[in-house]
Amino acid sequence: MSLLAQKNTTDGPVLVGAHTDSAEAFVPDQSRAERTTSYAVADFPVPSGREEDWRFTPVDRLRALFAEADGTPLRRDESLPDGVTVSSISREEWQGSGAPKPADRAAVIAAARAASISVLDIPAETELTEPVRLVLTGDGVLSHGHTVIRVGNFAKATIVLRHEGDAQYSELLSVVVGDGADVTVVTVQEWADTALHLGQHDVVVGRDATVRHIAVTLGGGIVRLNTNASYAGPGGSFEALGVYFADAGQHQEHRLFVDHEAPHCRSNVEYKGALQGDSAHTVWVGDVLIRASAEGTDTYELNRNLILTDGARADSVPNLEIETGEIAGAGHASATGRFDDQQLFYLQARGIDEDTARRLVVRGFFAAIVGRIGVPEIEEHLMEAIDRELEATA
Amino acid sequence: MSTANHTLVIKDLHVTVDTDQGTKEILRGVTLTINSGETHAIMGPNGSGKSTLAYSIAGHPKYTVTGGTVTLDGEDVLAMSVDERARAGLFLAMQYPVEVPGVTVSNFLRTAKTAIDGEAPKLRMWVKELKQSMSDLKMDPAVSERGVNEGFSGGEKKRHEILQMELLKPKMAILDETDSGLDVDALRIVSEGVNRAKETTGAGVLLITHYTRILRYIQPDFVHVFVDGRIAEQGGSELADRLEAEGYDRFQTAAPASVTSA
Ligand SMILES: Nc1ncnc2c1ncn2[C@@H]1O[C@H](COP(=O)(O)OP(=O)(O)OP(=O)(O)O)[C@@H](O)[C@H]1O
Ligand SMILES: [Mg+2]
């Protein structure tokens, strides 16, 4: 049995006292629901690195992003299909927009310090045939981003966000999706190797809506992306796909939290990453909470890591918390493996040289996810980028 | 059809493998010559070192050659990398083909063909040839869009190996227990594939097997009995019949009696 008591406060932390006796493996000491969310910067002390949600992150290198200081917005190039608009809203409008609250120090600072709150509107019943494209470029300085993407009922859209250049960037992005809508959000991190990027992406899935969040992380010195999904009504479907490739010295962290409260919703999380080079570090944390009310939930999460060279480290932590027995399915898989020499031998025994063989195997490793992105320009670009990553060490 | 004559010469080959218990000698002096167009059957009990011989010729990094030579038309095979050996014309159909997830069969085959020939095959001819060979081997055309050996049945894996032999046209093919795990129909189809490839390319074949069953479809010119890391006896196809009747017992020398004291 579990008990959820929710105390709602206006501008302070939301405290959710949850407790679970579920015998499921990987249940953390504290329920995932108990984490602080708040509009107030003061509710989030500067992380020391000992906190559960910061324990893998090199926080010492992120001081600039935890400081209460103003920055300069990233340059933004946008290509907006007909009917799509960009405007800005006030803090009050944002807080009433259905967008979830900031959930860590970096996100609350992004919300507090961003020069404005941008809103991308995709009106109800609009069916886009071309993606909305936003290219965000950094000039090597501190930047804060705060964006809300509002997708109206029954709209159909793909939004591609690309991050380039150098920056110390913290970001709060909310995607609030109306009933029956069908949305794909792709976020591509192709920063320069010195860039720092801390992001919180919230996805609110409308009743019977289908939302896909796709993260592609290739560049950056430290990239940490927290993607949270919740459901505004029953029948929603959320899919999170991720591909990352960490080289020497890079820290890439992807944290997912799918909060199943509405009944009869689905979630599917699949992340795959490759690592090469000294001290390349990746972190994947997949939290799924199925609350007592979330009957008929069907969820699955998977993370696979391919370690190409010595000295790289992949952390992979799935957490599944289940508070009701009335579910359709819940599973997770996590595996980290070294490059398989048998595969290399097989390909080489067919005349294929070692570099080409390696490239085939790594491409193959990613193929199942890349092929499902469904945005051809991203799929092609990504495969080429993976080839380039491999050539860099060949 | 092919009139070129190639020769694979294995001389006094010694091979070890590193195990948890230390270095273990598996091949203890193997000598064998295979010419184009010849089929040599190697038969022997489990663990006698047949796969080790096959892998050593192909250059698997797990095996260390400690003595002897392997040459193809006089070229030192042991000095070549795995892929160089394949490009020189050696082919190994593996006993346990490896899964390479996400790499489609069609992509794999085209990449291998390009590597072996040194140039990409003409697209239209290639597609036609691939289709024909797959249909000859009674392979589902949909297989070409699946990952290499990914979720293949045992029979599908073996057909896929022989498909590669047909398409890559090696000078010398080593077939390691290609017959194992095949039912009678599949055995016939796969054997016909081997015979077709031999017919068109004139390849020499080293056929490793436990059973005489496959030798009814692929006629061997020579039969070698392989025991304890070396060839214990050789003969013509009549030797296979004797093995069928008598088993390997007569070749397995009894271990020296050990004295145990209470
Ligand atoms: N990588 C290895 N590590 C340890 N021992 C090995 C290794 N490879 C082979 N061996 C050992 O060497 C011996 C010969 O093995 P091999 O696979 O060559 O035999 P085989 O004749 O092909 O047997 P089978 O008929 O079962 O296929 C066996 O005792 C085996 O256990
Ligand atoms: Mg064997």
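# Notebook: ligand 1 and the sheets of chain B

I began at the ligand and found a polar side-chain atom of Gln95(B) at 3.1 Å from an oxygen atom of ligand 1. I note here that the model is predicted.

**Entry 1, polar partners.** I looked for further contacts. A polar backbone atom of Gly47(B) sits 2.9 Å from an oxygen atom of ligand 1. The side chain of Glu177(B) also takes part, with an N or O atom 3.3 Å from a ligand oxygen. I then checked the cover. Ligand 1 on its own has 630 Å² of accessible area, and the protein covers 72% of that.

**Entry 2, the shell.** How many residues lie around ligand 1? I get 17, and the nearest are Asn46(B), Gly47(B), Lys50(B), Ser51(B) and Thr52(B). I sorted the shell by type. It holds 9 polar residues, 4 charged ones and 4 nonpolar ones.

**Entry 3, who supplies the shell.** I mapped the shell onto the secondary structure. Three elements of chain B each give at least two residues: β1 (7-19), β2 (22-35) and α1 (50-58). Which of the elements gives the most? It is α1(B), with 3 residues.

**Entry 4, the six-stranded sheet.** Next I traced the strands. One open sheet of chain B has 6 strands with mixed pairing, in the order β6-β9-β10-β3-β11-β12. Its edges are β6 (90-93) and β12 (230-235), and each of these pairs on one side only. I also took the twist. Ignoring direction, neighbouring strands of this sheet are turned by 20° against each other on average.

**Entry 5, a parallel pair inside it.** I picked β3 (residues 39-43) and β10 (residues 204-209) of chain B. They run parallel and are joined by 5 bridges. Ile42(B) has Ile208(B) in β10(B) as its bridge partner.

**Entry 6, the helix on this sheet.** I went back to α1(B), the top contributor to the ligand shell. This helix lies across β3, β6, β9 (172-176), β10 and β11 (222-227) of chain B. Its direction is about 145° to β10(B). So I have one helix noted twice, once for the shell and once for the sheet.

**Entry 7, the hairpin at the edge.** Are β11(B) and β12(B) parallel or antiparallel? They pair in the antiparallel sense, over 5 bridges. His224(B) is bridged to Gln234(B) in β12(B). The two strands form a hairpin with 2 residues between them. In the turn, Asp228(B) has a positive phi of about 55°.

**Entry 8, the four-stranded sheet.** I found another open sheet in chain B, with 4 strands in the order β2-β1-β4-β5 and antiparallel pairing. Its edge strands are β2 and β5 (75-76), each pairing on one side only. I counted bridges for β1(B) and β2(B): 11 join them, and the strands run antiparallel. Thr16(B) has Glu25(B) in β2(B) as its bridge partner. Both β1 and β2 of chain B also supply residues to the shell around ligand 1.

Methods
Residues numbered from 1 in each chain as written. Chains lettered and ligands numbered in written order. Predicted model: local features only at pLDDT ≥ 70, side-chain atom pairs only at ≥ 80, totals over all residues. Heavy atoms only, no water. Near = heavy atom within 4 Å. Polar contact = N/O pair within 3.5 Å; in protein donor to acceptor, adjacent residues only side chain to side chain. Areas by Shrake-Rupley, 256 points an atom, 1.4 Å probe, with all protein chains shown as cover. Nonpolar A, V, L, I, M, F, W, Y, C, P; charged D, E, K, R; others polar. Pairing = 2+ DSSP bridges. Axes fitted to C-alpha atoms, helices over the stretch in contact; angles between N-to-C directions. Contact = heavy atoms within 4.5 Å.
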